[in-house]
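Me: I'd like to go through this one piece by piece, with the reasoning spelled out. Can you take my questions in turn?

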Amino acid sequence: MFEYSQVSPVAVVLDEVSPAPDRVRDLQARITSMQATKLDTRSIPTHPAIAALLPGGGLKEGATYSVDNSITLIMALLAGPSAAGAWCGVVGIPEFGIEAAARFGIDLERLVLIPEPGDQWLAVTAAIADVMGVVVTKPPSRANDSSVARLAARLRQRGSTLIVLGPWPQSEAMLSISASEWNGIGDGHGYLSARQVTVTVTSRLAGRPRSSQLWLPDRSEKINAAVPGSASSVLPGRALRQEATG
Amino acid sequence: MTAPAITRTMLLWCPDWPITAARQAHGLAAELPIALIEKGKVFACSAAARVDGVSRGIRVREAQSRCPDLIVLAYDASLDNRAFEPIIAAVELLAAGVQVVRPGVCAVRVRGPSRYYGGEKPAALALIGVLDDLGIEGVRVGVADGPFTAEMAARSTRNVFIVAEGGAAEFLAPLPITTLGAPELVDLLLKLGVRTLADFAALPITSVSGRFGAAGTRLHSLASGLDSRPVTARIAPPELDSSIDFEPPLDRIDQVAFSFRQRADEFIQRLTAASLVCTAVLVETWSDRGERVERSWLHPRSFTAADVVDRVRWQLQGDTGSGSGLTAGVTRVRVTPEAVDAIGNHEQGLWGTANDERIHHGLSRVQSMLGHGAVLTATVGGGRMLAERQKLLPWGDRAAAAQPGPWPGHLPPPLPATVFAIPRPVDLIGANGDTVAIDGRGILSAAPAHFSPTGSARELRPVLAWAGPWPIDERWWDAAHRRVASRFQVVDSSGVAWLLVLERRAWWAEARYD
């Protein structure tokens, strides 16, 4: 996936001599993407801690991802594309926390919110997907299959990525938080300061679910891959661990 | 040296113009004491305020102590100009070539009107009559050789004063030297014992020119009644606004929008012909009940005809809700450009203007589907509660300046990703089985043991960790907006953390860390 975005040491040496090899590689990549029979070959910048879990190693253009009941996880997904200059639209989620989004690295100047699309949410989502790189939406009801297929075709044509809060029939992958553990808070003292979660990704392409432990966020409000068992070393005595029940 | 040509001038002076303009704008009665304030000092005051001892230049507090029921308004220079515009239009109907000296004062050449009305006095009275019809009272008119003498004539009367041709020097002679303005020169002349305009005019012109230069020479000629400034007619600004009248009144929004489409096209064409683009419009609508609704609409780039029609539609929708019917028929729609810019600054680049144009088109489409306020951009503002910290603005509107902190008592990071615009009722049960309460000293009745995210007993789940209370005591000086509450953080058994607020003995969820 990253064969043309990562520059190998050899290419760096060549670069200093002439910019041509890089250009050639860029053009070749463009030709391949135009010739590809499957359109899901291009990926958009994704936070590395989450990219590793996703099929294909990152969020793909024109694909749909569904996230189960965690806006924090959606913000983590948006942070990468937004930092890379993509516009993000949030449709039908009035409780989307703006300040937390800004802290996660989502550029508010390129964030557009449509909190109350009413019964036109599908048309609004499609219109927003026409112009924005990433669209987050929450279906108020189950969409019927034909409109889902139409939306999917439009996303593929425009190269936008759709992130759905809740289940979605044709999603590329389903992300959920299967366990969560808060640091810094005790029994009547302290405050929430960091959180270690297990993110599970179920994909219809890859067979079994993949999961990984992440700091979402860590003490400096960053998203990081967690080394298992490191939670107790950060704050001995106050770490708290529990398995998700529902 | 040949004598310069002196224009016989008729000058119209509306006393206390800023007060008249402010009174019109705020719909205040003429006999109320009003003061306009600029930089903490009285800039202008009405006659009623003057009777109580308010005068220009005193501080607001002093003015209020002299006249306790004084109405204090901020001075707005643009309002003066705007309110004077209909007066100029009325005078222009009567006499061609009006020069606006400043808001409240305008001058015309007397020759034309005096011939038409058969004399200078009838012409002046006709002018006063026209302004009386507009509701502007106490207008004074002076007719004399040159604008300066005419202004002095207008100031010396309560109605009309005519200085005969060639009688300017004689009329000006007894006036004090301070009427010339120019404080530095006047101070010096007073020290030199020159107290009236006659004294100044008596000085030889060569000496004045040698001592005070060109500025002194000009003032000398004013004092001698030889004001040679011509009356320079203003060039009327092009009419850019566009309006449409409906007879009979229309009661459906789509009818109004469709009828206005052509006017909107003309409106934009006229602007384009003047090499302008419009970035803000004022839309006014009149209903058959005589109501007038106005609102100004901003545009992130510049208006196209379709955008203008959209704004008209949204404004009508805003009055009625979302339906297409109107509660009252629309009789008139007018669109006025509020802010214009040179078209050159808004030209598209040779290769297009990147993504922004496309994004704006897409968002405008959604706005025309759902209404102006449905597409929002966000900024982080000031405040302690999370919901009030997020400022949402319709796409296209300009953001207000953020209130800089510090906000002691705001939440420590990380911040919750889900912020409920309207807090949700929840329940927190203590170890003793009752809802947790707090006393005046911030002591909890019991440690939280169970939490219900919906408030119902069936959803109860164990509390794994909690912290608080963090008291909030906001706006204690304002009885209507006072807020006393306590915040808590609670982690429930599914690993989701909640930000709870205990206010008036009820538990609310302000936000969720999900």
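Me: How many salt bridges are there between chain A and chain B?
Reply: This is a predicted model, so keep in mind that the pairs come from modelled side chains. Over all chains, the structure holds 30 salt bridges. Between chain A and chain B, the count is two.

Me: Which residue of chain B meets the side chain of Glu99(A) in a salt bridge?
Reply: Side chains of opposite charge can pair when their charged atoms come close. Here the N to O distance is 2.8 Å. The partner of Glu99(A) is Arg389(B).

Me: What area is buried between chain A and chain B?
Reply: The size of an interface is often given as the accessible area lost when the parts come together. The contact takes 51 residues from chain A and 46 residues from chain B. Carbon and sulfur atoms give 63% of the buried area. The total is about 3,900 Å².

Me: Which three residues supply more than any other three of the area that chain A buries against chain B?
Reply: One of them is already familiar from the salt bridge with Arg389(B), namely Glu99(A). Together the three supply 15% of what chain A buries there. They are Glu99(A), Val131(A) and Leu192(A).

Me: Which residues does the salt-bridge pair of Arg158(A) bring into one network?
Reply: Start with the pair itself: Arg158(A) and Asp130(A) meet at 3.3 Å, N to O. That pair links distant parts of the chain, with Arg158(A) in helix α7 (residues 145-158) and Asp130(A) in helix α6 (residues 121-131) of chain A, 28 residues apart. Arg158(A) has a relative accessible area of 45% and so is partly exposed, while Asp130(A), at 9%, is buried. Salt bridges that share partners make one network of Asp130(A), Arg154(A), Arg158(A) and Arg365(B).

Me: Is α4(A) mostly covered or mostly exposed?
Reply: Helix α4 (residues 71-83) of chain A has 13 residues and reaches 18 Å from its first C-alpha to its last, close to the 18 Å expected. Ile71(A), Met75(A), Leu78(A) and Ser82(A) are among the residues that are buried. In all, 12 of its 13 residues are buried, so by the cut-off of under 20% relative accessible area the helix is mostly covered.

Me: Which element gives the most to the largest nonpolar core?
Reply: That core has 58 residues, and those with the most contacts inside it are Met75(A), Leu78(A), Phe96(A) and Leu175(A). The element that gives the most supplies seven residues. It is α4(A).

Me: Which residues of chain B does Phe96(A) touch?
Reply: Leave out residues up to four places away in sequence. On the chain A side, Phe96(A) touches Ile71(A), Ile74(A), Met75(A) and Leu78(A), among others. From chain B, the residues touched are Gln390(B) and Ala417(B).

Me: How far apart in sequence are the parts tied together by Arg8(B) and Glu120(B)?
Reply: Their side chains meet in a salt bridge at 2.9 Å, N to O. Arg8(B) lies in strand β1 (residues 8-13) and Glu120(B) in helix α6 (residues 120-133) of chain B, so the pair ties together parts 112 residues apart.

Me: Is Glu503(B) buried or exposed?
Reply: Glu503(B) meets Arg483(B) in a salt bridge of 3.1 Å, N to O. The pair joins strand β19 to strand β18 (residues 483-492) of chain B, 20 residues apart. Arg483(B), with a relative accessible area of 21%, is partly exposed. At 13% relative accessibility, Glu503(B) counts as buried.

Me: What is phi of Arg504(B)?
Reply: Most residues other than glycine have a negative phi, and most peptide bonds are trans. Arg504(B) sits in the loop between β19 (497-503) and β20 (506-513) of chain B, and its 73% relative accessibility makes it exposed. Its phi is positive although it is not a glycine, at about 50°.

Me: Which residue does a cis peptide bond join to Pro217(A)?
Reply: Pro217(A) lies in the loop between β10 (210-215) and β11 (224-225) of chain A. Omega of the bond is about -10°. The residue joined to Pro217(A) is Leu216(A).

Technical notes
Residues are numbered from 1 along each chain as its sequence is written. Chains are lettered from A and ligands numbered from 1 in the order in which they are written. This is a predicted model: local features need pLDDT of at least 70, side-chain atom pairs count only at pLDDT 80 or more; totals for chains, interfaces and linings use all residues. Side-chain values use heavy atoms; hydrogens and water are left out. Helices (H or I, at least four residues) and strands (E, at least two) are DSSP runs, numbered from the N terminus. The expected span of a helix is 1.5 Å times one less than its number of residues. Buried means under 20% relative accessible area, exposed over 50%, partly exposed in between (1.4 Å probe, protein chains only). A nonpolar core is a set of buried Ala, Val, Leu, Ile, Met, Phe, Trp, Tyr and Cys residues joined through side-chain atoms within 4.5 Å. Contact means heavy atoms within 4.5 Å. Buried area is the accessible area (1.4 Å probe) that two parts lose on being put together, summed over both. A salt bridge is a side-chain nitrogen of Lys or Arg within 4 Å of a carboxyl oxygen of Asp or Glu.
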